Amino acid sequence: MFRILMKQCSNWRFLSTTISRLNDASKLDIIINSKHESQKISDLSDEGVGLQPPVFAKPFAELEMEETKNMPSEIGEFVDSLGPPLPITFNLAAYANHSESLQKLIHLGVDLSEIEKRPDRAKFVLNLDFEKNVKNHIQFLYDNGVSADDMGRFFTKNPFIFKERIEDLEVRINYLKSKKFTSDAIAWIITSNPYFLSLDTKQVDFRLGFFQKQFSLTGNEVRHLITKCPKLVTYSIDKFREKLFSMKEELGFTSEEMKKLLLMKPKVWMLGRSQVKERFDVVHNLMGIPHETIIKFPEIFTRRAFITKQRHLYLVHLNRAQYDPTQPLYVSLRDLVLLSDCSRKFSVVENRLKISLVASLVV
């Protein structure tokens, strides 16, 4: 340790000595240079030549303007040109000022922050050319009923629609027309489900045939189902089959009841399997609601189980848990799950006022 300290001390002494010598040498050079300059000036003065200050033909402001003639008119563009190239990034905002396609997509209402969450989408959108890849698709969608206000949401959900050829999109629209879907229905389907046009006609035909055969649907019922819930067409068939098994084997619904549930509330078939089972358990096992009544009020599957349970227990506490429409003080299951807590209390008070009014009139 002592040797290391001695070595460091010697290094510091050597460094300080070197710095002092360099300072002395620089001072000596300054003195010599000043002597030479003074000698030259004295020689010039001896010859009688007078030095005149420089005279500029233009003022300084004009000189500055002349120097900046060759600079770009836009200072921002000049600064950008001096900067390094943009790095590889998945933040599309960094490219917005350099990409005309991104700027026009933003004007349409496209949410780039949603697109950049998936790198494959961000990379695809960044390489789009508006005139070649985007313009014709906008015109096609507009001609088929997609409004300008819905364009931004459509492209945010499915930017890969620009991969599809216009000819293929026309074939898919013609397929829906051949199945007797109206123009308004087609416009609603492709607007509500931006992924619908990404499926080819074979896939769409297979899924429509699956629903028709599985639930014994007529042509009008198929059109009603797809128009009411277009997202059902692009929903996973495997998950739908799992839900079908759960409805029949675990929850005990008949084929006719499942068909009614599908036509009345198709979104129920897109819920998670555990969610459906939990909500059914509260309504059927805790509240004692039979299957046929549940089918009449499929909204009970849209409310979380613990909220329905809390409201039911509250009605039990008030001795008002009466869900049979043939009995007095009947409480509708639709009101139970759809109304808020405040509106439910108001409904209870209103019912009591009506009952008391009827009783007074009878007496």
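Asn319 sits in the loop that joins helix H17 (305–317) to helix H18 (333–338). The model is a predicted one. In it, the phi of Asn319 is near 60 degrees, a positive value in a residue other than glycine. Most residues other than glycine have a negative phi. The relative accessibility of Asn319 is 68%, so this residue counts as exposed. The cut-off for that class is over 50%.

The loop between H17 and H18 also holds Leu329. Leu329 is not a glycine, yet its phi is positive, at about 60 degrees. Its relative accessibility is 39%. Leu329 therefore counts as partly exposed, a class that lies between the buried limit of under 20% and the exposed limit of over 50%.

The fold around these loops is helical. The chain has 19 helices and zero strands. It comprises 363 residues, of which 33% count as buried. The chain exposes about 24,300 Å². Carbon and sulfur atoms supply 57% of that area. Among contacts with a separation of 6 or more, 67% come from residues 24 or more positions apart.

Met247 provides a view of the interior. This methionine lies in helix H13, which spans residues 237–250. Its relative accessible area is 1%. Met247 is therefore buried, as the limit for that class is under 20%. Neighbours within four places in sequence set aside, Met247 is in contact with Gly252, Phe253, Met258, Leu261, Val268, Trp269 and Val276. One of these partners, Met258, is eleven residues from Met247 in sequence. The C-alpha atoms of Met247 and Met258 are 7.5 Å apart in space.

Lys267 belongs to the surface. It is found in the loop between helix H14 (255–264) and helix H15 (273–286). With a relative accessible area of 57%, Lys267 is exposed. Together with Arg153, Lys157 and Lys231, Lys267 forms a positive surface patch. Val268, by contrast, appears among the contacts of Met247. The two residues described in most detail here thus fall into opposite classes, because Met247 is buried at 1% and Lys267 is exposed at 57%.

Notes:
Residues are numbered from 1 along each chain as its sequence is written. This is a predicted model: local features need pLDDT of at least 70, side-chain atom pairs count only at pLDDT 80 or more; totals for chains, interfaces and linings use all residues. Side-chain values use heavy atoms; hydrogens and water are left out. Patches are made of residues with over 30% relative accessible area and no salt bridge: like charges are joined within 9 Å, nonpolar side chains (Val, Leu, Ile, Met, Phe, Trp, Tyr) within 5 Å. Accessible areas come from the Shrake-Rupley method with a 1.4 Å probe; for residues, only the protein chains shown count as cover. A salt bridge is a side-chain nitrogen of Lys or Arg within 4 Å of a carboxyl oxygen of Asp or Glu. Lys and Arg count as positive and Asp and Glu as negative; His and the chain ends are not counted. The place of a charge is taken as NZ of Lys, CZ of Arg, CG of Asp or CD of Glu. Helices (H or I, at least four residues) and strands (E, at least two) are DSSP runs, numbered from the N terminus. Buried means under 20% relative accessible area, exposed over 50%, partly exposed in between (1.4 Å probe, protein chains only). Contact means heavy atoms within 4.5 Å.
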